[in-house]
Amino acid sequence: MFKSLRADISIIRERDPAARSSLEILFCYPGLHAICMHRFSHRLWGLGLPLLPRFLSQVARFFTGVEIHPGARIGQGVFIDHGAGVVIGETAVIGDRCLLFQGVTLGGTGKQSGKRHPTLEENVVVGAGAKVLGGITVGANTRIGAGSVLLRDVEHDCTVVGVPGRVIHQSGVRIDPLAHSQLPDAEAQVIRNLMERIDALENALQQEKRGSEPGGTSQSLRDREIIEFLEGSGI
């Protein structure tokens, strides 16, 4: 247990610039407290004790804002940042060095029995408010953008954004796991592509009707709401 605690503190110091000392982390990080309580209740769960593991998980939830079912399996060096509103289901599996932000849910999609919660392989990052649902597997080194809803398996070294989550492969590209601003805006890119296609078709139609050269953009890329949306995406 002490080996796991050292790994948990080490990953927090590595990934959180606000962490100034091990003592500060030990006493002031609710995500760490929730994981420590979970490791104890998980041992009791493995012994088949009734009620007590669930009771301890609810005590931890009351004090930390993080709800982890005692049946969930959590690896070493897992960091739950801020922690408020995180929910981790009974059959969830979290690999080593994963990073979860506030509001993350690793949940189920129904009342089916068996493996009904996600498996996160090593070094997965799940952004604030993201929902990973069902008995799916998320490959190692994958990033799930804030607010995304993931309902299907994902390969390793991917980026997931949107509702429902869409996968954008970035294999071989090393990106800071905290750099959420680098996540692409898939919706904005699709809209821009569609607008450019409409421009090309309208210009071609005008040229055919008038027998003249295209006169530039002919439709609503200049529309204020569309322009603001696309500019806000950084595309």
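How much space lies in the largest cavity? I began my notes there, working on a predicted model, and I found that the largest cavity holds about 40 Å³ of space. My search of the whole structure turned up 2 cavities of 30 Å³ or more. For the largest cavity I listed the lining residues as Ala-34, Met-37, His-38, Ser-41, Ser-57, Ala-60, Val-66 and Ile-68. The elements that give two or more residues to this lining are α3 and α4, and α3 supplies the largest share, 4 residues.

**Entry on the chain as a whole**

I then looked up the overall make-up of the protein chain, which has 6 helices and 15 strands. Of its 235 residues, 41% count as buried. Taking contacts between residues at least 6 apart in sequence, I noted that 35% join residues at least 24 apart.

**Entry on helix α4**

Since α4 contributes to the cavity lining, I examined this helix next. It has 13 residues and reaches 18 Å from its first C-alpha to its last, close to the 18 Å expected at 1.5 Å a residue. I recorded Pro-53, Leu-56, Ser-57, Ala-60 and Thr-64 as the buried residues of α4. These cover an arc of only 100 degrees around the axis, which puts them on the same side of α4. Two of the names, Ser-57 and Ala-60, had already come up among the residues lining the largest cavity. The buried residues of α4 pack against α3 and β1 (67–68).

I also checked the two ends of this helix. Just after α4, Gly-65 takes a positive phi of about 80 degrees. On the other side, in the loop between α3 and α4, I found Leu-51, which has a positive phi of about 65 degrees although it is not a glycine. Leu-51 counts as exposed because its relative accessibility is 69%, and the cut-off for that class is over 50%.

**Entry on the aromatic pair**

How many aromatic pairs does the structure hold? I found 1 aromatic pair. The partners are Phe-62 and Phe-63, whose ring centres are 5.2 Å apart and whose planes stand at 90 degrees, so the pair is edge-to-face. Phe-62 and Phe-63 are both exposed.

**Entry on helix α1**

For α1 (residues 2–15) I compared the expected span with the model: 14 residues at 1.5 Å a residue should span 20 Å, and the end C-alpha atoms are 20 Å apart, which agrees. I listed Ser-4, Asp-8, Ile-9, Ile-11, Ile-12 and Arg-15 as buried in α1. Seen down the axis, the buried residues of α1 fall within an arc of 160 degrees, so they line one face of the helix. The face turned away from that buried side carries the exposed residues Phe-2, Lys-3, Arg-6 and Glu-14. When I traced the partners, I saw that the buried residues of α1 pack against α2 (22–28), α3 (30–46), β3 (79–80) and β6 (99–100).

**Entry on two loop residues, Val-124 and Leu-151**

Is Val-124 buried or exposed? I placed this residue in the loop between β8 (119–120) and β9 (125–126), and at 0% relative accessibility Val-124 counts as buried. Leaving out residues up to four places away in sequence, I found that Val-124 touches Arg-97, Cys-98, Leu-99, Val-138, Gly-139, Ala-140, Asn-141 and Thr-142. Val-124 and Asp-96 are 28 residues apart in sequence, with their C-alpha atoms 8.7 Å apart in space.

Leu-151 lies in the loop between β13 (149–150) and β14 (158–161), and at 47% relative accessibility it counts as partly exposed. With the same exclusion of residues up to four places away in sequence, Leu-151 touches Leu-133 and Ile-136. I also noted that the C-alpha atoms of Leu-151 and Pro-118, 33 residues apart along the chain, are separated by 9.3 Å.

**Entry on backbone geometry elsewhere**

Which peptide bond did I note as cis? The bond from Val-163 to Pro-164 is cis, with omega near -5 degrees, and Pro-164 lies in the loop between β14 and β15 (166–169). I closed with His-82, which lies in the loop between β3 and β4 (87–88) and has a positive phi of about 70 degrees although it is not a glycine. His-82 is exposed, with a relative accessible area of 55%.

How values were computed: Residues are numbered from 1 along each chain as its sequence is written. This is a predicted model: local features need pLDDT of at least 70, side-chain atom pairs count only at pLDDT 80 or more; totals for chains, interfaces and linings use all residues. Side-chain values use heavy atoms; hydrogens and water are left out. The expected span of a helix is 1.5 Å times one less than its number of residues. Buried means under 20% relative accessible area, exposed over 50%, partly exposed in between (1.4 Å probe, protein chains only). The arc is that of the directions from the helix axis to the C-beta atoms. Contact means heavy atoms within 4.5 Å. Rings of Phe, Tyr and Trp (its six-membered ring) pair if their centres lie within 6.5 Å; planes under 30 degrees apart count as stacked, over 60 as edge-to-face and the rest as tilted. On a 1 Å grid over the protein atoms alone, a cavity is a set of points where a 1.4 Å probe fits but cannot get out, and a pocket is an open set with protein on both sides within 12 Å along at least five of seven lines; lining residues have an atom within 4 Å of a point. Grid points are joined across faces, edges and corners, and a volume is the space filled by probe spheres set on the points.
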